[in-house]
Amino acid sequence: GVSMAVKLASNPKMINFLRRTVGVFLYTRYKLRVENRHIVTELEPPFAILPNHVGFWDPFFVGLYTPQTVHYVVSDFQFRIPVMKFLLGLVGAIPKSKAISDFETVRNIFRVKKLKEVIGIFPEGMRNWDGHSLKPLFTTSKLIKALKIPVVIPILKGAYICLPRWSRKRSNGPITVDFKMGFTVDELKTMSAEAIHTRLGELLLYDEWDYQREHMNKYRGRHRAEHVELALFMCPECNAIGTLRSKLHTLRCTGCGYSVDYNVHGFFERKKGVLHHETVRTWNLWQLDRTKVLLSKLEKDKSSEPIFTDDNLVIWRGFRREPMVEHDRGRLSLFTDRIEFVSDSGEKMDFMFQDIHGINVQVREVVEFYHNEALYIFRFSDPWVSGYKWMVSVNYLNGKDPL
């Protein structure tokens, strides 16, 4: 692995400066509220913080209410963004990547414990797409058992409707950080990793739409629905993939004309005809199911046609921590056994599913995966192309869980 000299001891002056600047900015810009803050103010570090993961600012929202610095374990993709690299460096973030052995990441986590500071981990491993929490990773449960330090679970409520991962424009409405005590040291000592894992899943379980039905907070913004087709890639009326287009607060299918409005409470409304789905969540569950049925049928029929194709994208290639290099531009097609890239000059590259691992979608719909040890990144020039549909489909065809 590559050695990462991580500055783990936090700089109190710097942290205070960030609280007075970035903190005040976030506090005023987002209508932040807190519940049960005493849980985190009364605890003596070292302890761990395991929030649900909704958006870009999550670590900072939680950090505002935590008296100490929180050292978050962050994927190395964030370190490739200069402003994030700077901010994460200031707060002593712990990088995690395919390039560094997990052993080194874990060693850094234990170093933070030894310094009697606070460790931050997003147990779901990625931001959710539809306002509902994801299953936590089992590695996190094993880790907190080994750490034997108290665990606090903050749940971010309202953050999804305010700024979901598919949107570039926030809607103005409240976000609540609700702290709960997850595990005491004594509990971690006596519970098995499996029992910890089950309970962690229960503690993290949160659905934005259940919360909204109860509170009906308003989230005002002119571009409420814009880019929601990055998450919702299938039309519920005609079942076409990639035909939905959003504008302001409306989402419509360019194929069949089906259209819905996304209201100030985050629910879909229909002016006339059938409303297939009231929330992004139910729509997503439906499309995941449909995609699975469609793909298994195509696999069974040994279909040789492309399932879907996206044009005009740029492919980057990198290796471990080396900088990414622009490799080519062209068209990407999905088949039942591979992803095929054909460059504008006619060169062809095949990525067979059995050689692809770690496919995921990063900020701004960038699809990345490892193929035979090299990292490939695909950037779509069309801002409406869903990288999520690529991740879901490749995972299904590869025999994995779609998320």
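Student: Quick one to start. Is cysteine 162 buried or exposed?
Tutor: Cysteine 162 is buried, with a relative accessible area of 1%. Keep in mind that this is a predicted model.

Student: How many disulfides turn up in the whole structure?
Tutor: Zero. The search covered the whole structure.

Student: What about cysteine 238? Which cysteine sulfur is closest to its sulfur?
Tutor: The one in cysteine 235, at 3.8 Å.

Student: Why is there no bond between them?
Tutor: Because 3.8 Å is too far. A disulfide needs the two sulfur atoms within 2.5 Å.

Student: And is cysteine 238 buried, exposed or partly exposed?
Tutor: Partly exposed, at 35% relative accessibility.

Student: Let's go right next door. What is phi for asparagine 239?
Tutor: Near 65 degrees. That is a positive value, in a residue other than glycine.

Student: Why point that out?
Tutor: Because most residues other than glycine have a negative phi.

Student: Where is asparagine 239?
Tutor: In the loop between α11 (208-215) and β8 (244-247). Asparagine 239 is partly exposed, with a relative accessible area of 30%.

Student: What about lysine 302? What is its phi?
Tutor: Near 50 degrees, which is a positive value in a residue other than glycine. Lysine 302 lies in the loop between α12 and β12 (308-318).

Student: Buried or exposed? I mean lysine 302.
Tutor: Exposed, with a relative accessible area of 70%. The cut-off for exposed is over 50%, so lysine 302 counts as exposed at 70%.

Student: Backbone again. Is the peptide bond from proline 45 to proline 46 cis or trans?
Tutor: Cis, with omega near 5 degrees. Most peptide bonds are trans.

Student: Where does proline 46 lie?
Tutor: In the loop between α2 (38-41) and β2 (47-49).

Student: Now helices. Where is threonine 291?
Tutor: In helix α12, residues 280-300. Threonine 291 is buried, with a relative accessible area of 1%.

Student: What is threonine 291 in contact with?
Tutor: Leave aside neighbours within four places in sequence, and the list is Phe233, Met234, Val392, Ser393 and Tyr396.

Student: At what angle do α12 and α13 pack?
Tutor: About 50 degrees, with the axes 10 Å apart. Helix α13 covers residues 387-397.

Student: Why is that called oblique?
Tutor: Angles under 35 degrees count as roughly parallel, and 65 to 115 as roughly perpendicular. About 50 degrees falls in neither range, so α12 and α13 are oblique to each other. Their crossing is right-handed.

Student: Which residues make the contact?
Tutor: From α12, they are Asn284, Gln287, Leu288, Thr291, Lys292, Leu295 and Glu299. From α13, they are Tyr388, Val392, Ser393, Tyr396 and Leu397. By class, the contact of α12 with α13 has six nonpolar, four polar and two charged residues.

Student: How do α7 and α10 pack? What's the angle?
Tutor: About 120 degrees, with the axes 9 Å apart. Helix α7 is residues 138-147, and helix α10 is residues 193-204. The crossing of α7 and α10 is right-handed.

Student: Which residues of α7 and α10 make that contact?
Tutor: On the α7 side, Phe138, Thr140, Ser141, Lys142, Ile144 and Lys145. On the α10 side, Ala193, Glu194, Ile196, His197 and Leu200. The classes are five nonpolar, three polar and three charged.

Student: Strands now. Where is valine 367, and is it buried or exposed?
Tutor: Valine 367 is in strand β17, residues 366-371. Valine 367 counts as buried, at 3% relative accessibility.

Student: What is around valine 367?
Tutor: Beyond its neighbours within four places in sequence, its contacts include Ile359, Tyr376, Phe378 and Trp390.

Student: How far is valine 367 from serine 386?
Tutor: Their C-alpha atoms are separated by 9.3 Å. Along the chain they are 19 residues apart.

Student: Last one, arginine 127. Buried or exposed?
Tutor: Arginine 127 counts as buried, at 15% relative accessibility. Buried means under 20%, so 15% falls within that cut-off.

Student: Where is arginine 127, and what is it in contact with?
Tutor: Arginine 127 is in the loop between β5 (118-120) and α7. Leaving aside neighbours within four places in sequence, arginine 127 is in contact with His53, Val54, Gly55, Phe56, Leu134, Arg165 and Val363.

Methods: Residues are numbered from 1 along each chain as its sequence is written. This is a predicted model: local features need pLDDT of at least 70, side-chain atom pairs count only at pLDDT 80 or more; totals for chains, interfaces and linings use all residues. Side-chain values use heavy atoms; hydrogens and water are left out. Helices (H or I, at least four residues) and strands (E, at least two) are DSSP runs, numbered from the N terminus. Buried means under 20% relative accessible area, exposed over 50%, partly exposed in between (1.4 Å probe, protein chains only). Contact means heavy atoms within 4.5 Å. Axes are lines fitted to C-alpha atoms, for helices over the stretch in contact, and angles run from 0 to 180 degrees between N-to-C directions. Angles under 35 degrees count as roughly parallel, over 145 as roughly antiparallel, 65 to 115 as roughly perpendicular and the rest as oblique. A crossing is left-handed if the near helix is turned anticlockwise from the far one by less than a right angle, and right-handed if clockwise. Ala, Val, Leu, Ile, Met, Phe, Trp, Tyr, Cys and Pro count as nonpolar, Asp, Glu, Lys and Arg as charged, and the others, Gly among them, as polar.
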